[in-house]
Amino acid sequence: MNTPRSCHLGRAGSHRAGGVTALAGLTAATLLLGACGSGTGGTSEGGKPTVVTSTDMWAGVAKAVAGDEAEVEAIIDSDETDPHSYESTPRDAVRIDRADLVVYNGGGYDAFVSQLLSDGDGTTNGVEAVSVAESGEHSESGQHSENESSSPTTGSTHQHAESEQGHEHGHGHAESEHQHTESEQGHGHAESGHGHQHSGNEHVWYDPGTARLVAERIAARLGELRPDRAERFERNATEFGDRLDEIERNITELRNEHHDTDVMTTAPVADHLLENAGLTDITPDSFVRTVEAGNDPAAATVAEMQELVGSGRPAALIHNPQTASPLTERITERARNNDIPVVAMPETLPDDRTYSEWLSGRVTALDTALDDNTAGTGGQ
Ligand SMILES: [Zn+2]
């Protein structure tokens, strides 16, 4: 991956300063630079950059930008795997080290990636979604302005939730980057202790605004690797952004119709979507905290949970199939018995879907569940 650098550094150093020679040298260097840049520069065999992502959610976003012009592969692409507890293999280390670009979630979610990146030789580029989301909030209409024009209406609907996230989450995230062992804690709502709207929730791919920013960042990085394809990547990112705009409009419609409706969750996976949709998560904090920490909730907490579900108060139960346990199975069963729709919100992408198809499908599923349910009208 060091081809371009050694290519022109080596030559440029040998030129002597002075008059015509320097000018000629400059021209030669420029030509060489051009040749290096568009030739073998910065890519693996076949000339396509290789993008490795932690999960197939981020591979879905990367593919939308890359099209056929890059090889995109995910380390975790099975719905049998819970990314939170994934243990990386030596093969993963090799893949990350060889990648031209690594796209990962951050926020303690896929801590193995930042660990492998820092263990590596330092030449691999990384795009970390949680950081991108945070910097996007702080530099509002700043450096993202090139193709950010796509979201003037929808952006404002969830600004509030996003900025809360930025403040809450800032330092937990920084810790998790440097201290691998603290990942579970960085992951946490345990620290947030401020209601269960989980402003710092790390499942940021449930927010179309974040996916848009990550796509723009990927486009910029791929464009650096393949300047001759930069425009294509930008165009792909813009088209992807248009699809996300549409999803955001659907979320706004859902919000207009169902805001303040009570819902419950077996795991805090889709919180960004619930927040954007203005729904009220009435899941007991004690349940969320223990489940997130990978512990078994106390009997009293389980009883509270079952009672709430039994009361018919939530209009829908959000279920994360990937972190299912006998306990969450009992809860979803009770919900079904009480005619509360159960909506699956996973950690990884189903095989036959693109990212935007999948997210759009989840918004529709949530909307359908809320439309169908007449029991849970709490807060209206
Ligand atoms: Zn999760």
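**Loops, strands and a helix pair**

Biologist: Is Asp339 buried or exposed?
Modeller: Asp339 is exposed, because 11 other C-beta atoms lie within 10 Å of it. By the cut-offs, 12 or fewer such atoms within 10 Å is exposed, 20 or more is buried, and anything in between is partly exposed, with the C-beta atoms placed from the backbone.

Biologist: Before I go on, what kind of model is this?
Modeller: The model is predicted, so local features are given only at pLDDT of at least 70 and side-chain atom pairs only at pLDDT 80 or more, while totals for chains, interfaces and linings use all residues. Residue numbers start from 1 in each chain and follow its sequence as written.

Biologist: And where does Asp339 lie?
Modeller: Asp339 is in the loop that runs from helix H16 to strand S8 (342-344), and its phi is positive, about 60°, although Asp339 is not a glycine. Helices here are DSSP runs of H or I with at least four residues, strands are runs of E with at least two, and both are numbered from the N terminus. As a rule, most residues other than glycine have a negative phi.

Biologist: What about Asp260, what is its phi?
Modeller: Asp260 also has a positive phi, of about 70°, without being a glycine. Asp260 belongs to the loop between helix H12 (230-258) and strand S5 (262-265), and it counts as exposed because it has 12 C-beta neighbours inside 10 Å.

Biologist: Let's switch to H3, how many of its residues are buried?
Modeller: In helix H3 (residues 56-66), 11 of its 11 residues are buried. Among them are Asp56, Trp58 and Lys63, along with Ala59, Val61 and Val65. Just after H3 comes Gly67, which takes a positive phi of about 55°.

Biologist: And S3, which way do its residues point?
Modeller: In strand S3 (residues 101-104), Leu101 and Val103 point one way while Val102 and Tyr104 point the other way, and all of them are buried. Alternation of side chains between the two faces of the sheet is what a regular strand shows.

Biologist: Which strands pair with S3?
Modeller: Strand S1 (residues 50-55) pairs with S3 in the parallel sense over 3 bridges, and Thr53 stands opposite Val103. Strand S4 (residues 125-128) also runs parallel to S3, joined to it by 4 bridges, and there Glu128 is the bridge partner of Tyr104. Strands count as paired if DSSP finds at least two bridges between them.

Biologist: New topic: how do H15 and H16 pack, what is the angle?
Modeller: Helix H15 (residues 299-311) packs against helix H16 (residues 326-337) at an angle of about 20°, and their axes are 9 Å apart. That makes H15 roughly parallel to H16, a label for angles under 35 degrees, with over 145 roughly antiparallel, 65 to 115 roughly perpendicular and the rest oblique. Each axis is a line fitted to C-alpha atoms over the stretch in contact, and angles run from 0 to 180 degrees between N-to-C directions.

Biologist: Which residues meet there?
Modeller: From H15, Val302, Met305, Gln306, Val309 and Gly310 meet Leu327, Ile331, Arg334 and Ala335 of H16. Contact requires backbone-placed C-beta atoms within 7 Å.

Biologist: Last one, how many helices and strands does the protein chain have?
Modeller: The protein chain has 17 helices and 8 strands, and buried residues make up 43% of its 380 residues.

Conventions. Contact = placed C-beta atoms within 7 Å.
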